[in-house]
Amino acid sequence: MAQLKAVCVMVGTVAACCSNVLLLEKIVKISPNCTAFVTFAAYVVIVLQTLIFRPALLTQHTIPIKNYLVITALFYSTNLANNMALSYDVDMPTLLIFRSGSLFANMVVSILAFRRSYPSRKYLAVLMVTVGIILATLASADLKTNQSQDISTWCLGITMLTYALFGSAVMGVFQEKLFREFGKRNEEALFFSHLLGLPAFLFNYRDIAATLVEFNNSEMVELGGGVGVPLLWLCILGNVALQNLGIKGVYYLLSEWSSLAVTMVTTLRKFISLLLSLFLFNNPFTRTHWLGTFLVFAGSALFSGII
């Protein structure tokens, strides 16, 4: 029975995460400059949810607040960079390919921070992921050039994704060191990395205010009985709700399955999201993109021991 529940949670997690990605892409296509607000909304939901259901975490925490400051800074900047890249001519498939390179970034940072060594199979896997990301990036750059587009904005978006990739890896290493010292405190770390990051959005208040106006003025969706809701507000509500379900699903699966099995689930989710983005939003994708995608996902599977 427990195994059946875990399988149902897995299916629900994949569906929630894929739907979340598609809603984010739809929102950004309608409102390209909304990414700061989208990130802010996700922060607010996590903080409010914890204050309502786990208020004791605010005062009864194990890890000192000062130790969360580095994690908070990295979490805020990497999340914002990931989302803002979509506002700089980076399409969703390219973003998903970059984010699938997290194993590569984690390995590089672990080697530098902990002097770790890995079996040759993992070095081969990292090489595959690296070549795959490079091929996909060059293919996207070639498309931009052929379409006579100014690629300077796109290059800035790729720079953001690169920072987010390695920033997340550094954050993971720092968090690992904290958990070694104080024990695993996943929910606590999630809460404080969001709570302490909220004041940083004051730097984005103009963008957020402009997005609120744009959301209020978006196309109305009739809910019946003469009640209408702006389309973008429905999309953002769905986005944060699905994101929250996805996070909870992953945490549940980590408690029931091995990390290898959960890695397979998250890799599958990214691949399905990529396919859905291509077919639903008609994003351009060349043979070189497909080759790069294959190398990234095959390398990730090889690294994790799935193949």
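Contact here means heavy atoms within 4.5 Å. Everything below comes from a predicted model.

**View 1. Met92 and the residues it touches.** Met92 sits in helix α4, which covers residues 92-99. With a relative accessibility of 2%, Met92 counts as buried, because the cut-off for that label is under 20%. Leaving aside residues up to four places away in sequence, Met92 touches Val21, Leu24, Glu25, Leu86 and Ser277. Phe281 is worth putting in the frame too: 189 residues separate Met92 and Phe281 along the chain, yet their C-alpha atoms are 9.5 Å apart.

**View 2. Thr50 of helix α2.** Is Thr50 buried or exposed? Thr50 comes out at 7% relative accessibility, so it counts as buried. Skipping residues up to four places away in sequence, the contacts of Thr50 are Pro55, Leu57 and Phe191.

**View 3. Helix α8, mostly covered.** Phe191, just met as a contact of Thr50, belongs to the buried set of α8. This helix runs over residues 186-195, and seven of its ten residues are buried. Along with Phe191, the buried ones are Glu188, Ala189, Leu190, Phe192, Ser193 and His194.

**View 4. A nonpolar patch on the surface.** Leu48, Leu51, Ile52, Phe53 and Leu58 together make a patch of about 510 Å². Leu58 is found in the loop that links α2 (35-53) and α3 (68-84). Its relative accessibility is 40%, which means Leu58 is classed as partly exposed.

Technical notes. Residues are numbered from 1 along each chain as its sequence is written. This is a predicted model: local features need pLDDT of at least 70, side-chain atom pairs count only at pLDDT 80 or more; totals for chains, interfaces and linings use all residues. Side-chain values use heavy atoms; hydrogens and water are left out. Buried means under 20% relative accessible area, exposed over 50%, partly exposed in between (1.4 Å probe, protein chains only). Helices (H or I, at least four residues) and strands (E, at least two) are DSSP runs, numbered from the N terminus. Patches are made of residues with over 30% relative accessible area and no salt bridge: like charges are joined within 9 Å, nonpolar side chains (Val, Leu, Ile, Met, Phe, Trp, Tyr) within 5 Å. Accessible areas come from the Shrake-Rupley method with a 1.4 Å probe; for residues, only the protein chains shown count as cover. A salt bridge is a side-chain nitrogen of Lys or Arg within 4 Å of a carboxyl oxygen of Asp or Glu.
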